[in-house]
Amino acid sequence: MSARVVIVFLKEVSSAIRPAFSDAPDLAHKATRPVVQGGMQWVGLPRLVAAVSNGGGLGIITALSQPSPAALRQAIKETRTLTDKPFGVNITLLPTINPPDYEGYARVAVEEGVRIFETAGNNPGPLIKFFKSQNCLVIHKCTTIRHAKSAEKLGVDVISIDGFECAGHPGEDDIGGLVLLARAADELKIPYIASGGIANGRGLASALAAGAAGVNMGTRFMCTVESAIHDNIKQKIVDSTERDTIHIFRTMRNTARVFKNKVALEVVALEARPGGAKFEDVQHLVSGQRGKLVYEKGDSDYGIWTAGITVGLINDIPTCKDLLERMEREAEDIIGQMNNMVVTKARL
Ligand SMILES: Cc1cc2nc3c(=O)[nH]c(=O)nc-3n(C[C@H](O)[C@H](O)[C@H](O)COP(=O)(O)O)c2cc1C
């Protein structure tokens, strides 16, 4: 066990998590690796979530991948049959005209005994208030320091700070993880974890050096044995380089980093044409159902699918346990070697 890495996690994240477990087993004794698997639409399903938690990380079910709150209840029950370790639920607040039943998803998860939530998206205040009133731990994911500070004021326990490298929505400020983490160190009073661009022990060690209490990963966990996506897509990730993602929806100020395939290039071309494109012009290309079929059928060009630039760092398809153990070993080695860079000079 990596003493340094675990100590940082226990001191920082777990001390925030502990109150949420006052009447339940302490997460500090259960989640020993400072790695969170962030919410992933169509990917954050019970088998993966349980595998991450069983591997010592923190798995998170993606609520909106379930068609209804009742289905989320079943997914939570299924996850419980696969792990006795803590896991969380992600609720992502989408910019949509017909919002899903966020309250219903949140209520069901709390009723089922979930005590850790990852929130993301616009106007999270009411949801955060509800979770805090239920004595839950809230990890809020955001891409700017100003949003992180507002979330801190709203009472969240941990910030997950998502740099421009991340898969999915990086916001519109285009600030990379290194600067965001350095700003977080200066500005935030609560623990924060680093998200976006992390896929190995080097990333974990860097994040800890930058003052983060741990890391959040998405793309790396897509490409594991327990992830339910089609093997063709996992292989596509292994074969890709860091140049194989692209931003869509830039012109609509709802930027999303996705895999650079035929459909994504078509969307970007429509956005770039004279007069630009409205959402209605690209709706048929970007539908969530087409993206879901990419993962089910394994045709990487069929629809839009989310991926981050860590596709350039991913060269294999390990189990979550092997991945987490390897990351810990690598981070430990790097942190150990860095001690040698400090030369003690004699004063005389
Ligand atoms: C396939 C996929 C789907 C995602 N869906 C969501 C989502 O529904 N809600 C959310 O908050 N973040 C979502 N994310 C973002 C991740 O939780 C995480 O913040 C991001 O992947 C971190 O960047 P990384 O991929 O470089 O590790 C998704 C990421 C991926 C790869």
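The shell around the ligand has 9 nonpolar, 16 polar and 4 charged residues. Keep in mind as you look that this is a predicted model. Let's start with the ligand and then turn to strand β4 and its neighbours.

**Around the ligand**
- Of the 29 residues around the ligand, the ones that come nearest are Gly38, Ala120, Ala167, Gly218 and Gly308.
- Helix α9 (219–222) gives the largest share of this shell, with 3 residues.
- Strand β3, strand β8 (215–217) and helix α9 each supply at least two residues of the shell.

**Strand β4: buried or exposed?**
- Strand β4 spans residues 116–121, and 5 of its 6 residues are buried, so the strand is largely enclosed by the rest of the structure.
- A residue counts as buried here if 20 or more other C-beta atoms lie within 10 Å of its own.

**From β3 to β4**
- Strand β3 (residues 88–93) runs parallel to β4, and 5 bridges join the two.
- One pair to find is Asn90, whose bridge partner in β4 is Glu118.
- To get from β3 to β4, the chain passes through helix α4 (residues 102–111), making a right-handed β-α-β crossover.

**From β4 to β5**
- Strand β5 (residues 137–142) is also parallel to β4, and 5 bridges join them.
- Here Glu118 turns up again: its bridge partner in β5 is Ile139.
- With helix α5 (residues 125–133), strands β4 and β5 make a right-handed β-α-β unit.

How values were computed
Residues are numbered from 1 along each chain as its sequence is written. This is a predicted model: local features need pLDDT of at least 70, side-chain atom pairs count only at pLDDT 80 or more; totals for chains, interfaces and linings use all residues. A residue is buried if 20 or more other C-beta atoms lie within 10 Å of its own, exposed if 12 or fewer, and partly exposed in between; C-beta atoms are placed from the backbone. Helices (H or I, at least four residues) and strands (E, at least two) are DSSP runs, numbered from the N terminus. Two strands pair if DSSP finds at least two bridges between them. A crossover is right-handed if, with the strands pointing away from the viewer, the path from the first strand over the helix to the second runs clockwise. A residue is near a molecule or strand if its C-beta atom, placed from the backbone, lies within 6 Å of it. Ala, Val, Leu, Ile, Met, Phe, Trp, Tyr, Cys and Pro count as nonpolar, Asp, Glu, Lys and Arg as charged, and the others, Gly among them, as polar.
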